[in-house]
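Colleague: I should like to go through this structure with you, one question at a time. Please reason each answer through before giving the value or name.

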Amino acid sequence: MRTEVRRYADTDREAVLALAPRLAEGVAEWRAPDKVRQAVTRWVEDAVARAGAPGRFIYVAEARGQVAGFVAGEERTHWTGQADVYLGELVVDVAFERKGVGRALVEAVVEHAARAGVDRITLETGAANTQARRFYASLGFAEEDVRLTRVLS
């Protein structure tokens, strides 16, 4: 299957927003599902709204004539003062999973970082999202921080 990765265009908006609910997968079971869905939708709406801003990006993967996935992010400064490219959202349509779409999107971010002169890409994913964690580990990402939560109810 041939996948083309390109910059986001306004005509991609509906297809990209339709993929937002996939970001709710793999979230800790104690998080309210409706709040999670609202939050991930806001993240994608914000990414789309600021796609053309300096230091921001969205890349779209097309396969078989449709949007198969997208990745959004931005250039950030880590608390150490070092520049990072932050991979904020990466979503692949379920119909295109395990077909190289996610890898192609991450490669677009790698190329973006190289053009920006940044030698680190960071991201966050849920500890319960084992599929995503395995995927990122297979691409050379190493776990750096750990967030701990205690539920008091």
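Modeller: The exchange below concerns a predicted model and moves from the sheet to the cores, the aromatic rings and the loops.

Colleague: In what order do the five strands of the open sheet stand?

Modeller: The pairing in this sheet is mixed. Its edge strands are β1, residues 3–7, and β5, residues 121–123, each of which pairs on one side only. Neighbouring strands are turned against each other by 30° on average, direction ignored. The order of the five strands is β1-β2-β3-β4-β5.

Colleague: How many bridges join β3 and β4?

Modeller: Along the sheet, β1 pairs with β2, residues 56–63, in the antiparallel sense over five bridges. The strands β2 and β3 also run antiparallel, joined by eight bridges. For β3 and β4 the sense is antiparallel, and the number of bridges is nine.

Colleague: Which residue of β4 stands opposite Glu-74?

Modeller: Each of these antiparallel pairings can be followed through one facing pair. Val-5 stands opposite Ala-61 in β2, and Val-60 is opposite Phe-70 in β3. For Glu-74, the partner in β4 is Tyr-86.

Colleague: At what angle does helix α3 run to β4?

Modeller: Helix α3 comprises residues 101–116. The helix lies across β1, β2, β3, β4 and β5. Its angle to β4 is about 160°.

Colleague: Is Ala-108 buried or exposed?

Modeller: Ala-108 is found in helix α3. Leaving aside neighbours within four places in sequence, Ala-108 is in contact with Val-5 and Tyr-59. Its C-alpha atom is separated by 9.7 Å from that of Ala-61, although the two residues are 47 residues apart along the chain. Because a relative accessibility of 8% falls under the 20% limit, Ala-108 counts as buried.

Colleague: Which element gives the largest share of the largest nonpolar core?

Modeller: This core has 20 residues, and those with the most contacts inside it are Val-71, Leu-87, Leu-90, Val-101 and Leu-105. The elements that give two or more residues to the core are β2, β3, β4, α3 and α4, the last of these being residues 130–138. The largest share is six residues, and it comes from α3.

Colleague: How many residues has the second, separate core?

Modeller: In the largest core, Leu-87 is among the residues with the most contacts. Leaving aside neighbours within four places in sequence, Leu-87 is in contact with residues including Val-71, Val-106, Ile-121 and Tyr-136. The second core is separate and includes Val-36, Val-44, Val-48 and Phe-70; its number of residues is 18.

Colleague: How is the aromatic pair of Tyr-136 and Phe-141 classed?

Modeller: A pair of aromatic rings is described by the distance of the centres and the angle of the planes. For Tyr-136 and Phe-141 the centres are 5.5 Å apart and the angle between the planes is 75°. Because planes over 60 degrees apart define this class, the pair is edge-to-face.

Colleague: Which residues do ring pairs link into a cluster?

Modeller: The model has three aromatic pairs. Tyr-136 counts as buried, at 9% relative accessibility. The cluster linked by ring pairs consists of Phe-135, Tyr-136 and Phe-141.

Colleague: Over the ring of which residue does the charged end of Arg-76 sit?

Modeller: The arrangement involves a charged end and an aromatic ring. The distance from the ring centre is 3.7 Å. The ring belongs to Tyr-86.

Colleague: Is Asn-129 buried or exposed?

Modeller: Asn-129 is found in the loop between β5 and α4. Not counting residues up to four places away in sequence, Asn-129 touches Glu-25 and Gly-26. Because its relative accessible area of 18% is under the 20% limit, Asn-129 is buried.

Colleague: What is the phi of Arg-98, which is not a glycine?

Modeller: Arg-64, in the loop between β2 and β3, is likewise not a glycine and has a positive phi of about 50°. Arg-64 counts as exposed at 59% relative accessibility. Arg-98 lies in the loop between β4 and α3 and counts as exposed at 73%. The phi of Arg-98 is positive, about 60°.

Methods:
Residues are numbered from 1 along each chain as its sequence is written. This is a predicted model: local features need pLDDT of at least 70, side-chain atom pairs count only at pLDDT 80 or more; totals for chains, interfaces and linings use all residues. Side-chain values use heavy atoms; hydrogens and water are left out. Two strands pair if DSSP finds at least two bridges between them. Helices (H or I, at least four residues) and strands (E, at least two) are DSSP runs, numbered from the N terminus. Axes are lines fitted to C-alpha atoms, for helices over the stretch in contact, and angles run from 0 to 180 degrees between N-to-C directions. Contact means heavy atoms within 4.5 Å. Buried means under 20% relative accessible area, exposed over 50%, partly exposed in between (1.4 Å probe, protein chains only). A nonpolar core is a set of buried Ala, Val, Leu, Ile, Met, Phe, Trp, Tyr and Cys residues joined through side-chain atoms within 4.5 Å. Rings of Phe, Tyr and Trp (its six-membered ring) pair if their centres lie within 6.5 Å; planes under 30 degrees apart count as stacked, over 60 as edge-to-face and the rest as tilted. A charge sits over a ring if NZ of Lys or CZ of Arg is within 6 Å of the ring centre and within 35 degrees of the ring normal.
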